[in-house]
Amino acid sequence: MDSLQALSYTTAVTGGLLLWVLEGVVPFFKGRKSRGRHAALNLSIASLNLLILLPAGVVMALILEQSKTAWLGVRTWELPVFLETILIVLLIDLWMYIWHRLNHEVDFLWRFHSVHHSDPSLDVTTAWRFHYVEIVFSELLRLPVFVLIGAEIQDVLLYSMLMTPVIEFHHSNVSISPSTDRFLRTVIPSPLMHRLHHSVVRAEHDSNYGSMLSFWDRILGSFKLKQDITGMTLGLDNESSPEQQRFGVLLARPFHN
Ligand SMILES: [Zn+2]
Ligand SMILES: [Zn+2]
């Protein structure tokens with residue numbers, strides 16, 4: 001395994017475990033019960049995605065390796081390597097913003113993305129709760145985008161290593177001070193921003209689409225903030241019953257909604 005890939009997995013697992021422990025010690029939404037059962041559900045949905053992501057990563061590495069001599073993308077400009085890398089990482093994050101926004105604006109894509117939003121108890125494990133069809137589309141569409149911008153597999157791995165802990169953190173139920181949140185959201189989508197993205201109210205969850213950097217939302221008009229969200233309902237309307245929050249029901253949900 002590539003060292004960057006190993007570091008990426010290590011960061012994701014360590015960060016996830018650390019946040020899971022902190023959620024038990026300093027939770028933002030208090031009084032959560034059945035954390036173990038909730039995590040088991042989200043991680044079982046996520047485990048299916050690993051079956052897609054691992055082979056997809058191998059195919060992507062092969063295609064990006066083959067295409068890099070045929071199409072240079074931003075490397076046409078022959079910038080210093082570190083500037084090239086920064087530019088490519090920024091463009092990948094912009095694509096993630098666009099893809100996430102499309103998932104909210106295109107009804108067909110929302111069918112699958114809404115499985116992520118149907119979680120009534122947002123926490124670090126929600127960061128991994130995506131319907132496998134959303135993952136398939138995500139992998140298929142990102143490939144031509146990465147070829148177009150001239151990304152190499154090392155750029156994709158670097159982005160993934162930087163972005164994953166941010167996604168885990170902004171989904172987590174860890175309580176941080178308002179001033180820390182304010183400071184963090186100048187750079188990354190903060191927990192306060194992403195909790196609003198999981199509000200049951202559509203006008204609120206159609207906002208704050210950023211993955212790693214918060215400025216896309218600011219410059220593309222989707223930044224939204226509400227200072228007091230302690231009483232906010234998370235999830236989707238009429239989707240939080242134990243019967244609806246079952247593995248098989250959630251996987252089948254997009255096909256008959
Ligand atoms: Zn969303
Ligand atoms: Zn989310």
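**Reading helix H1 and the nonpolar cores**

In H1, Ser8, Gly16, Leu19 and Glu23 are buried, where buried means that 20 or more other C-beta atoms lie within 10 Å of a residue's own, with C-beta atoms placed from the backbone. This is a predicted model, in which local features need pLDDT of at least 70 and side-chain atom pairs count only at pLDDT 80 or more, while totals for chains, interfaces and linings use all residues. Residues are numbered from 1 along each chain as its sequence is written, and chains are lettered from A and ligands numbered from 1 in the order in which they are written.

Q: What span does helix H1 reach from its first C-alpha to its last?
A: Helices are DSSP runs (H or I, at least four residues) numbered from the N terminus, and the expected span is 1.5 Å times one less than the number of residues. H1 (residues 3–25) has 23 residues and reaches 33 Å, close to the 33 Å expected.

Q: Which residues have the most contacts inside the largest nonpolar core?
A: In soluble globular proteins, nonpolar side chains tend to be buried together. A nonpolar core is a set of buried Ala, Val, Leu, Ile, Met, Phe, Trp, Tyr and Cys residues joined through C-beta atoms within 7 Å. Here the largest has 25 residues, and Ile92, Ala151, Val156 and Val166 have the most contacts inside it. Helices H3 (81–105), H5 (132–149) and H6 (153–171) each supply at least two residues of this core, the largest share, seven residues, coming from H6.

Q: What includes H6 among its cover?
A: The buried residues of H1 have a cover that includes H6.

Conventions:
A residue is buried if 20 or more other C-beta atoms lie within 10 Å of its own, exposed if 12 or fewer, and partly exposed in between; C-beta atoms are placed from the backbone. Two residues are in contact if their C-beta atoms, placed from the backbone, lie within 7 Å.
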